[in-house]
Amino acid sequence: MKILICGGGNGAHCFTALASACPNVEVNVLTVYEDEAKTWTTALKSDELTVSISKPDGSVTETRSKPSLVTNDIKVAVAGVQIIFIVVPSYVHHIYFSLLALHIQPNTLIVGLPGHAGFELQCLDMLGNKSSNHAIVGFESLPWACRIIEYGKRVQLLGYKDILHASFLVGTNCNLQFPAIETIQSILGSKPRIKVVSNVFAITLMTGSIIHPPIMYGKWKNWDKTPLPVKPLFYQGVDEEQASIASKLSDEVVKTAKQIQDACPDLDMSQVVHLSDWFKSHYHDEIGDNSSLMTSMRTNSAYEGLVHPMKAVENRYVPDFEYRYTTEDVPFGLVVMKGLAVIAGVATPTMDKIIQWAQSIMGKEFIIGTDLVGKDVKFSRAPQSFGLNTLEQVQDYIKSRIR
Ligand code: NAD
């Protein structure tokens, strides 16, 4: 099996290290940033890539391996590959989709690891008629919490999720020569266990991108702009109010799923569950106390030591609102979910408050009042940004290319 990993960040490093260590898997890496390709290539000349894996019991193991090549040349990167994993923040997906649209061979499997809300619609849109020649898998989140320690040389895997949901769409003209999900599972290893979600509406409402925005909003909505002496803990610092906002947001997402289920009984939306249940199933082994949503986040060993995104200012810290917890998780998360809620006719007062706060700090406009009519909706992946305004239109759009 020959695979391509697109990206040069934390997730791409972690997955490259794990996949390159698999017997019978050859790994190419493509990063469009020339400096990343050069730095990583230089690092691999002198040593292998090491992933240090932290276990819930506190022990650490190390795996060392090497990809075949790291390049910024798409033609070299895609030659002979059967699976393409896109492992970058979702605001970068369009860059890789536009390259793939020109260069991939029919019957290639495209995997968003993670996909984030709207991945499948954007992939179908940007690949156009060619999308019917491919299969698409979109994961709800990244399988691991991970951070680069030294570029091209060392990455830390802080914890695995236990399960991970994924969409699976096969184009009308696609003839994959291998079992898609089983092959991805064998490359990921035993954890997380992949669970296929039966439709795109459900994966879009899965919880990956609803975790960070309510915590950011709860923490910083009344910030008086005074720099802080230390970086506050992100998950271990979650308080009752932040957990309550996250819980209410999750209620609205679950309500949207139920409404879609009622309107389209043939769609199975049962995998869209409340955030509390999501934590229990995805981090069963890592959570010390799952008696509440707040404790599930505070006692999750995979999140240990993770801090709020902050920028240093004269030996003190201010929040970094350009970090992906807002710039990714709002346009490629909440705004997409808001789009489905609008289509399903569900009111979302908590989601609206968070989007309003986030769009003001980002200098964007997605909603006006509670209506999804802002000038920047077209840069999000809400169904409306693809001209899809009803459940039937979304279904027909997908069915026109997918078996
Ligand atoms: P990252 O921030 O490390 O990715 C940065 C990389 O993306 C860069 O090194 C570059 O290769 C590419 N990139 C960024 N901006 C670009 C641009 N403008 N043009 C071209 N390339 C660009 O991200 P990550 O930590 O690897 O996360 C990948 C995805 O997984 C994200 O969607 C993230 O939300 C999600 N995720 C990450 C973690 C984690 O622990 N790292 C956990 C859960 C989910």
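Here are some questions and answers about the predicted model above.

Residues are numbered from 1 along each chain as its sequence is written. Because the model is predicted, local features need pLDDT of at least 70 and side-chain atom pairs count only at pLDDT 80 or more, while totals for chains, interfaces and linings use all residues.

Q: How far apart are the C-alpha centres of domain 1 and domain 2?
A: Let's start with the overall layout: the chain is assigned domain 1 (2-196) and domain 2 (207-384), with bounds that come from an automatic or database domain assignment. Their contact takes 19 residues from domain 1 and 21 residues from domain 2, where contact is counted when C-beta atoms, placed from the backbone, lie within 7 Å. On the domain 1 side, α5 (119-127), β10 and β11 (163-170) each supply at least two residues. The C-alpha centres of the two domains are separated by 25 Å.

Q: Which strands stand at the edges of the open sheet of 4 strands?
A: Strands here are DSSP runs (E, at least two residues; helices are H or I, at least four), numbered from the N terminus, and two strands pair if DSSP finds at least two bridges between them. The order in this open sheet is β4-β3-β10-β9, with mixed pairing. Each edge strand has a single partner, so one side of each is left without a neighbour in the sheet. The edge strands are β4 (60-65) and β9 (144-150).

Q: Which residue in β10 stands opposite I53?
A: Strand β3 (residues 49-54) runs parallel to β10 (residues 154-160), and 4 bridges join them. On its pairing with β9, β10 is antiparallel, over 6 bridges, and there A145 stands opposite G159. As for I53, the residue opposite is L157.

Q: Which residue in the turn between β9 and β10 has a positive phi?
A: β9 and β10 form a hairpin with 3 residues between them. One turn residue has a positive phi of about 75 degrees, and that residue is G152.

Q: Where does the largest nonpolar core lie?
A: Such a core is a set of buried Ala, Val, Leu, Ile, Met, Phe, Trp, Tyr and Cys residues joined through C-beta atoms within 7 Å; buried means 20 or more other C-beta atoms within 10 Å of a residue's own, with C-beta atoms placed from the backbone (exposed is 12 or fewer, partly exposed in between). This one has 116 residues, and L4, I5, C6, I84, F85 and V111 have the most contacts inside it. Its largest share, 11 residues, comes from helix α13 (residues 330-344). Both domains give residues to the core, so it lies between domain 1 (2-196) and domain 2 (207-384).

Q: What is the angle at which α13 and α14 pack?
A: Residues V330, L334, V335, M337 and K338 in α13 meet M351, I354, I355 and A358 in α14. The axes, lines fitted to C-alpha atoms over the stretch in contact, are 11 Å apart. Angles run from 0 to 180 degrees between N-to-C directions, and for α13 and α14 (residues 349-362) the angle is about 145 degrees.

Q: How many of the residues of α5 are buried?
A: α5 is mostly covered, and its buried residues include F119, L121 and L124. They pack against α4 (93-103), β7 (109-112), β8 (135-139), β11 and α7 (200-204). The count of buried residues in α5 is 7 of 9.

Note on methods:
Contact = placed C-beta atoms within 7 Å.
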